[in-house]
Amino acid sequence: MTLERSDFSNKTVLVTGAGQGIGAAIAKIFASRGANVAINDVNKTVADETVKEIASFGGTSKFFRADVTDESQINAMVKSIIDAFGSLDILVNNAGILGTSKTDELTVENWDRTLSINLKGAFICCKAALAEMKKKKYGKIINISSLAGESGGIVVAADYSASKAGLLALTKKLALEVAEFNINVNAIAPGTTKTPMIDAISDEENSKLVSRIPLKRLGEPEDIAYATCFLASQEASYITGTTLDVNGGLLMR
Ligand SMILES: NC(=O)c1ccc[n+]([C@@H]2O[C@H](COP(=O)([O-])OP(=O)(O)OC[C@H]3O[C@@H](n4cnc5c(N)ncnc54)[C@H](O)[C@@H]3O)[C@@H](O)[C@H]2O)c1
């Protein structure tokens, strides 16, 4: 095996939901390491900001508006990314929404919406990216799941936890199917991380949580972004079908 340090020059990365929070941090770190980054989001205003920040340090990125739940939009987006950058090597399924209703108050509509964005969206993006990855016999897929998908979660709702647990099963099944094409599929399970998503959680809940976290802080988006870069790197080429916990020690498996 040749020893080489990874950088991501000549690699194209698609990050879904990259306009803010964890997705924006992932996009910025890949861009700072030489990748061409496709910034996907449904929100143009926040996505434009990510593209601007990447340009400010000389990185390369481009915004692709598409809703991850819409297969025709995602297929068209993947084609546009390949037209723009020449390939698609790394897919980060990050787009997601939070639910916090108690199960007996959770509507079927909200259940469907959460499962659709958090789980079906990742399936659609994987499916769209696989043709290019199989053709090149190279690919890295990283699914941003959650500690809630492993433990059930604390303040989050059943729709959210179920969607994130489903993502872990999708990760394993797909990893098995595509290993022969030199495609690695892994998941990351972040604990509570400081992004706009957790605005819905009270400061009091967060302080209670911090007191239970062995490392005594919430996650930063960059904590998740560095772990994502590792799983996409040459250094992680023998890792597939696994879940990397990034949670300050809150859940040790
Ligand atoms: N923040 C946390 O505590 C935490 C913990 C564990 C896991 N996660 C997961 O990390 C991922 C990112 O979370 P975040 O905290 O950065 O969230 P966030 O709400 O700050 O950002 C999510 C982004 O996804 C985009 N998005 C939503 N629906 C979309 C769709 N249908 N198509 C395309 N883009 C869409 C939003 O516009 C937004 O820019 C999510 O999957 C989330 O479940 C977050």
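This short talk walks through the fold of one protein chain, from its overall build to its sheet, its core and a few single residues.

Let me begin with how to read the model, which is predicted, so to speak of its local features requires a pLDDT of at least 70, while side-chain atom pairs count only at pLDDT 80 or more, and totals for chains, interfaces and linings use all residues. Residues are numbered from 1 along each chain as its sequence is written.

First, the overall build. The protein chain has eight helices and seven strands, where helices (H or I, at least four residues) and strands (E, at least two) are DSSP runs numbered from the N terminus. Its C-alpha atoms fill a box of roughly 45 × 40 × 40 Å along the principal axes. For 253 residues a compact globule would have a radius of gyration near 18 Å, and the 17 Å of this chain agrees with that; the radius is taken over C-alpha atoms, and the globule rule is 2.2 Å times the number of residues to the power 0.38. Buried residues make up 45% of the 253, and here a residue counts as buried if 20 or more other C-beta atoms lie within 10 Å of its own, as exposed if 12 or fewer do, and as partly exposed in between, with C-beta atoms placed from the backbone. Of the contacts with a separation of 6 or more, 73% are between residues 24 or more positions apart, a contact being two C-beta atoms, placed from the backbone, within 7 Å.

Now to the sheet. Seven strands form an open sheet in the order β3-β2-β1-β4-β5-β6-β7, with parallel pairing; two strands are said to pair if DSSP finds at least two bridges between them. Because β3 (60–65) and β7 (243–246) stand at the edges with a single partner strand each, one side of each is left without a neighbour in the sheet. The twist averages 20° from one strand to the next, and for angles of this kind axes are lines fitted to C-alpha atoms, for helices over the stretch in contact, with values running from 0 to 180 degrees between N-to-C directions.

Strand β1 (residues 12–15) is a good place to look at the pairing. With β2 (residues 36–41) β1 pairs in the parallel sense over four bridges, T12 having N36 as its bridge partner, and with β4 (residues 90–93) it pairs, again parallel, over three bridges, V13 having I90 as its partner. Both faces of β1 are covered, since T12 and L14 on one side and V13 and V15 on the other are all buried. Together with helix α1 (residues 21–32), β1 and β2 make a right-handed β-α-β unit; right-handed means that, with the strands pointing away from the viewer, the path from the first strand over the helix to the second runs clockwise.

Towards one edge, six bridges join β2 to β3 in parallel, with I39 opposite F63, and the β-α-β crossover from β2 through α2 to β3 is right-handed. Helix α2 (residues 44–56) lies across β2 and β3 and runs at about 170° to β3. Towards the other edge, four bridges join the parallel strands β6 (residues 183–190) and β7, A189 having D245 as its partner.

What, then, has the most contacts inside the largest nonpolar core? That core has 66 residues, and the ones with the most contacts inside it are V13, I26, A27, F30, V37 and A129; a nonpolar core is a set of buried Ala, Val, Leu, Ile, Met, Phe, Trp, Tyr and Cys residues joined through C-beta atoms within 7 Å. Helix α4 (residues 108–136) gives the most to this core, with ten residues. V13 touches, among others, F8, F30, V37 and I90, leaving aside residues up to four places away in sequence.

Finally, some single residues. L88, in the loop between α3 (71–85) and β4, is buried, with 25 other C-beta atoms within 10 Å, and its contacts include T12, L14 and A129. By contrast, K137, in the loop between α4 and β5, is exposed, with 10 such atoms within 10 Å, and its phi is near 50°, a positive value in a residue other than glycine. N10, in the segment before β1, also has a positive phi, of about 70°. Most residues other than glycine have a negative phi.
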